[in-house]
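I opened the notebook to write down what I could look up in one structure. The entries follow the order in which I looked.

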Amino acid sequence: MALLRPLAPPYDPLDWVKRPFPERARMVCEAWALQGSGAPLAVYVLHAVKLALYAGAWVLFCSTSPSLGGLSTIGDWWLRPLAFQKAILWSMLFEGLGFGCGFGPLSGRYAPPVGGALYFLRPGTTKLSLFPRAPLLGGTRRTPLDVALYFALLALLVRALLAPALGASHLVPIAALVPVLAVADRTIFLALRAEHYWWSTACSRCSGPTPARTRSTSARLSSARSSRSCLSLFRS
């Protein structure tokens, strides 16, 4: 079945091994540029479905906020700060679970196609502590404490995504826990894409507008417009 059949290299492997190294390297590079890893079409369909589910879940999480809405009104709210914050948090959770950039055959994962939580929730797996000799968070094997910290982050992210509005009680624990996990295991920090999403989470709390401020600003702008309209009527 063509949908499941991988693409063979465009050269004979037995002939390839007999050629000089520069020529073999050229043949491999050309094949990789034209065919990639040779994955069958079904793999690309799988990744397309994954992206659709990723976007759909973000819309679902946003629908739990009365100030946003659902798919039918997405044009009215998708650029609002709260929608952006939930996109950041959902992306961190998505990557941390193993469904992001490191998912599937296109990333060299075949059976199982997902890592992430399968490793990070299993005591005894290998970890890369920032300080291997440190107590509690050190070592080279995952401990029940490491698993508990990772699970706590997942729970905090889900809690924030389901919240109607985001405040300090949602964002501060996440921003504080990620560095602790980074000390315990650098792999988790990288898997979370924390160089993007952790910074965004911390900055959105420190400098981003809160829903209350946004409503207050909108009210002031509306009042100013009304005042200008009244003045123009009097002048006319």
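The entries below cover the overall fold, two helices, the spaces inside, the salt bridges and one histidine.

**Entry 1: the whole chain**

I noted that this is a predicted model. I looked up the secondary structure and found 11 helices and zero strands. Read along the sequence, the pattern is α-α-α-α-α-α-α-α-α-α-α. The chain has 236 residues, and 34% of them are buried. I then looked at contacts between residues at least 6 apart in sequence, and 58% of these join residues at least 24 apart.

**Entry 2: helix H5**

I checked the length of helix H5, which covers residues 81-97. Its 17 residues should span 24 Å at 1.5 Å a residue, and the end C-alpha atoms are 24 Å apart, so the two values agree. Next I asked how many of the residues of H5 are buried. The count is 13 of the 17, so H5 is largely enclosed by the rest of the structure. After H5 comes Gly-98, which has a positive phi, near 100 degrees.

**Entry 3: helix H7**

I did the length check again for H7, which has 19 residues. The distance from its first C-alpha to its last is 27 Å, close to the 27 Å expected at 1.5 Å a residue. I looked up which residues of H7 are buried, and they are Asp-146, Val-147, Leu-149, Tyr-150, Leu-153, Leu-154, Leu-156, Leu-157, Ala-160 and Leu-161. Several of these positions are three or four places apart, and I wrote down the general rule for that spacing. An α-helix has 3.6 residues a turn, so residues three or four places apart point the same way. What do the buried residues of H7 pack against? They pack against helix H3 (41-62), H5, H6, H8 and H9.**Entry 4: the largest pocket**

I looked for open space and found that the largest pocket holds about 210 Å³. It is lined by 16 residues, and those closest to its centre are Gly-98, Arg-109, Gly-116, Phe-120 and Ala-191. Gly-98 is the residue I had already met after H5. Helix H6 (117-120) and helix H9 (186-191) each give at least two residues to the lining of this pocket. By type, the lining of the largest pocket has five nonpolar, seven polar and four charged residues.

**Entry 5: the cavities**

I then counted closed spaces and got two cavities of 30 Å³ or more. The second largest cavity has a volume of about 40 Å³. Which residues line the second largest cavity? The lining is made of Gln-85, Ile-88, Leu-89, Leu-171, Ser-200, Thr-201 and Ser-204. H5 and helix H10 (194-206) each supply at least two of the lining residues. I sorted this lining by type as well, and it has three nonpolar, four polar and no charged residues.

**Entry 6: salt bridges**

I found six salt bridges in the structure. I wrote down three of them in detail.

In one, the side chains of Asp-185 and Arg-142 meet, at 2.7 Å from N to O. This pair links distant parts of the chain, 43 residues apart. Asp-185 is in the loop between helix H8 (168-184) and H9, and Arg-142 is in the loop between H6 and helix H7 (144-162). Are these two residues buried or exposed? Both Asp-185 and Arg-142 are buried.

Another set of salt bridges shares partners, which joins Asp-15, Arg-19, Glu-23, Arg-26 and Glu-30 into one network. Within it, Glu-23 and Arg-19 meet through their side chains at 2.4 Å, N to O. Glu-23 has 24% relative accessibility, so I entered it as partly exposed. Arg-19, with a relative accessible area of 29%, is also partly exposed.

Arg-26 and Glu-30 form a salt bridge too, with their closest N and O atoms 3.2 Å apart. Both sit in helix H2 (residues 21-35), and because they are four residues apart, about one helical turn separates them. Arg-26 is partly exposed at 41% relative accessibility, and Glu-30 is partly exposed at 42%.

**Entry 7: His-170**

Last, I looked up His-170, which is found in helix H8. Its relative accessibility is 12%, and the cut-off for buried is under 20%, so His-170 counts as buried. What does His-170 touch, leaving out residues up to four places away in sequence? It touches Arg-159, Ala-160, Ala-163 and Ala-165. One of these, Ala-160, is also among the buried residues I listed for H7.

Key:
Residues are numbered from 1 along each chain as its sequence is written. This is a predicted model: local features need pLDDT of at least 70, side-chain atom pairs count only at pLDDT 80 or more; totals for chains, interfaces and linings use all residues. Side-chain values use heavy atoms; hydrogens and water are left out. On a 1 Å grid over the protein atoms alone, a cavity is a set of points where a 1.4 Å probe fits but cannot get out, and a pocket is an open set with protein on both sides within 12 Å along at least five of seven lines; lining residues have an atom within 4 Å of a point. Grid points are joined across faces, edges and corners, and a volume is the space filled by probe spheres set on the points. Ala, Val, Leu, Ile, Met, Phe, Trp, Tyr, Cys and Pro count as nonpolar, Asp, Glu, Lys and Arg as charged, and the others, Gly among them, as polar. The expected span of a helix is 1.5 Å times one less than its number of residues. Buried means under 20% relative accessible area, exposed over 50%, partly exposed in between (1.4 Å probe, protein chains only). A salt bridge is a side-chain nitrogen of Lys or Arg within 4 Å of a carboxyl oxygen of Asp or Glu. Contact means heavy atoms within 4.5 Å.
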